[in-house]
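Please read this note alongside the model. It concerns domains, chains and the contacts between them.

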There are 2 protein chains.
Amino acid sequence: MSVLQGSVEQLLPQYLEGKDYSGIAVVADKNTRKDCYPRVKELLPKHHLITIQDGEEYKNLDICTIIWNKLTEVEFDRHALVINLGGGVIGDMGGFCAATYKRGIDFIQIPTTLLSQVDASVGGKLGIDFQGFKNHIGVFTQPCAVLIDPAFLATLPERELRSGFAEVIKHCLIRDRDMWNRIRRMELEEMPMQELINHSVATKKAIVTEDPTEKGLRKILNFGHTVGHAVETFHLEKDRLLHGEAIAIGMICEAYIAYSKGMLTETELGEIEEYIFSVYGAVQLDPQDFAAIAALTGQDKKNRGNTVRAALLNGIGDCSYDIPLTKKDILKSLKYYCGIL
Amino acid sequence: MSVLQGSVEQLLPQYLEGKDYSGIAVVADKNTRKDCYPRVKELLPKHHLITIQDGEEYKNLDICTIIWNKLTEVEFDRHALVINLGGGVIGDMGGFCAATYKRGIDFIQIPTTLLSQVDASVGGKLGIDFQGFKNHIGVFTQPCAVLIDPAFLATLPERELRSGFAEVIKHCLIRDRDMWNRIRRMELEEMPMQELINHSVATKKAIVTEDPTEKGLRKILNFGHTVGHAVETFHLEKDRLLHGEAIAIGMICEAYIAYSKGMLTETELGEIEEYIFSVYGAVQLDPQDFAAIAALTGQDKKNRGNTVRAALLNGIGDCSYDIPLTKKDILKSLKYYCGIL
């Protein structure tokens with residue numbers, strides 16, 4: 001699988017050259033249809049546009065059925081191509097539909113959000129939410145290519161951009177102390193975004209190439225996500241948090257747990273906390289919700305049996321995985337986050 | 001992936017030895033629950049039984065949702081095992097659910113019908129029907145093991161056994177003229193079934209190992225299925241035909257097409273036709289349905305664009321693939337089958 005960065009005008013025709021697809025479909029949502037599709041449309045031969053509703057709450061089996069139906073109606077055979085043009089929801093769900101249509105047809109990802117450019121589009125994790133659990137049904141299948149055009153980021157609201165940046169921070173914290181030391185001294189507006197996208201993609205690609213189906217090393221990418229996913233899931237209904245906003249909370253909580261286990265120094269914990277609070281602020285969590293949030297960590301896909309297992313920093317720039325956490329660890333970390341420990 | 005033949009009392013404990021599954025579920029239908037599960041139950045530690053309705057009409061997304069729900073309810077993590085105990089429907093659908101639950105957990109197939117023992121359980125094709133199209137949504141994922149116990153065949157109605165035998169015939173016709181010459185001189189009752197199961201599994205395994213995702217060679221396994229699947233799909237609603245009964249029709253039709261293209265001699269066509277009619281009899285097809293059946297061949301997963309492509313015999317024991325067929329070829333072959341050409 002190749003991950004290419006550049007303008008879509010250059011990358012897409014390059015990808016299609018010499019390929020003889022029997023059909024092409026673009027999956028978009030109403031935002032990318034308006035903001036991104038006009039540039040893509042010009043580059044494609046005759047194709048079908050499948051527009052789905054926008055938002056995580058539509059990442060489900062009903063929308064998959066709509067996509068599968070559409071591919072069936074236009075009589076796509078196994079030699080057709082699906083192009084997923086959008087953020088993580090489009091990439092994960094459009095990819096899942098392509099990977100399961102007639103047992104799998106070609107698909108490429110054109111991620112249009114920072115989050116999907118630095119994270120979701122790389123690594124072959126596809127899927128949908130099910131019964132309130134994130135990415136509960138899915139497969140590991142690599143796309144044929146990932147085409148990253150940073151110009152699409154200009155179409156994003158600032159809050160989305162900030163949210164996606166949480167994964168950039170994560171990649172620095174788990175693998176690259178030097179880059180961490182660079183970014184934590186800069187404002188978000190002055191970041192060298194193209195360089196950071198490359199850095200994140202290279203970091204993630206190296207990890208998933210070594211362990212594509214998450215038997216071991218790949219679990220370090222889950223840093224911040226054990227608590228973060230639970231916080232995100234808990235807030236799906238009310239006071240929606242964006243993915244990166246929840247992961248920012250998770251990274252502070254899990255840094256605290258690593259500190260409490262002697263894996264991070266107090267200085268390192270302070271550094272992480274100070275920077276993340278400076279970018280994301282402190283989210284008001286209600287202590288009455290902590291037990292429910294802690295319970296949700298039980299559904300993480302990295303767990304084994306009833307034990308919650310997390311990836312924890314072993315110093316900044318290094319990360320261990322499969323570390324068992326107790327409910328108490330998680331409750332304490334949430335209290336720490338809220339300054340009530 | 002290992003395919004093992006023997007008694008389930010020997011094979012299942014052998015498979016489980018040294019494995020530390022966090023949970024085990026058995027997927028069965030009401031027939032295998034009654035006829036096969038009592039033997040399996042004794043061999044397993046604490047486990048969950050998921051019973052689904054019996055029949056191809058239940059091989060759909062609604063039943064998948066029931067299975068996924070059940071796995072979620074019992075809080076299966078990624079280290080759990082699904083055991084599919086049944087025919088092709090159970091194996092294909094239970095396998096698909098396991099291969100997509102949390103992006104894939106371990107599963108093994110214990111096929112209990114001749115059809116699934118000699119065909120469906122080997123090769124990693126999983127999936128469900130969708131909008132009337134067979135196996136339209138699915139994945140290629142190899143099970144961890146296939147455990148074949150021929151003793152389960154004693155629980156089958158004779159018609160089921162005869163239907164499954166069509167795939168044994170197919171494996172001889174596409175790859176082994178000597179075996180073809182042996183079986184066509186025997187009555188079904190006197191067949192050395194264990195030897196034939198081994199022969200079919202070995203034939204299929206050799207082919208799918210060479211080409212797991214059906215880019216080329218594997219397509220020869222589709223012999224008889226281009227017309228056969230269309231006949232089967234057409235009869236899903238009324239006058240249900242079993243899979244093998246439809247494939248028997250397909251093999252005669254496609255042998256005729258091969259003959260008409262100079263790939264089979266008249267003697268070879270006669271041999272094939274005579275033997276298959278002797279086992280399956282001549283099914284009454286209504287010439288008014290031929291156009292609809294021919295139209296259904298357009299949805300075969302081996303096609304490219306609007307051209308139907310089939311695997312045709314190149315003499316007995318040899319098979320070519322990707323041979324374009326016209327609607328006229330198909331219509332003529334159906335007329336030939338009915339003796340009205």
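The points below take the domains first and the chain contact second.

1. This is a predicted model, in which local features need pLDDT of at least 70, side-chain atom pairs count only at pLDDT 80 or more, and totals for chains, interfaces and linings use all residues. Residues are numbered from 1 along each chain as its sequence is written, while chains are lettered from A and ligands numbered from 1 in the order in which they are written.

2. Chain A consists of domain 1 (2-154) and domain 2 (157-337), with bounds from an automatic or database domain assignment. Their C-alpha centres are 26 Å apart.

3. Between these domains of chain A, 18 residues of domain 1 are in contact with 23 residues of domain 2; contact requires C-beta atoms, placed from the backbone, to lie within 7 Å. On the domain 1 side, strand S1 (2-5), helix H6 (114-120) and strand S7 (133-140) of chain A each provide at least two residues. H6(A) gives the most, five residues. Helices (H or I, at least four residues) and strands (E, at least two) are DSSP runs, numbered from the N terminus.

4. By class, that side of domain 1 of chain A has 10 nonpolar, six polar and two charged residues. Ala, Val, Leu, Ile, Met, Phe, Trp, Tyr, Cys and Pro count as nonpolar, Asp, Glu, Lys and Arg as charged, and the others, Gly among them, as polar.

5. The contact of chain A with chain B takes 29 residues from each of the two chains. On the chain A side, helix H4 (61-73), helix H5 (88-100), strand S6 (125-130) and S7 each supply at least two residues. S7(A) has the largest share, six residues.

6. The side of chain A that touches chain B comprises nine nonpolar, 13 polar and seven charged residues.
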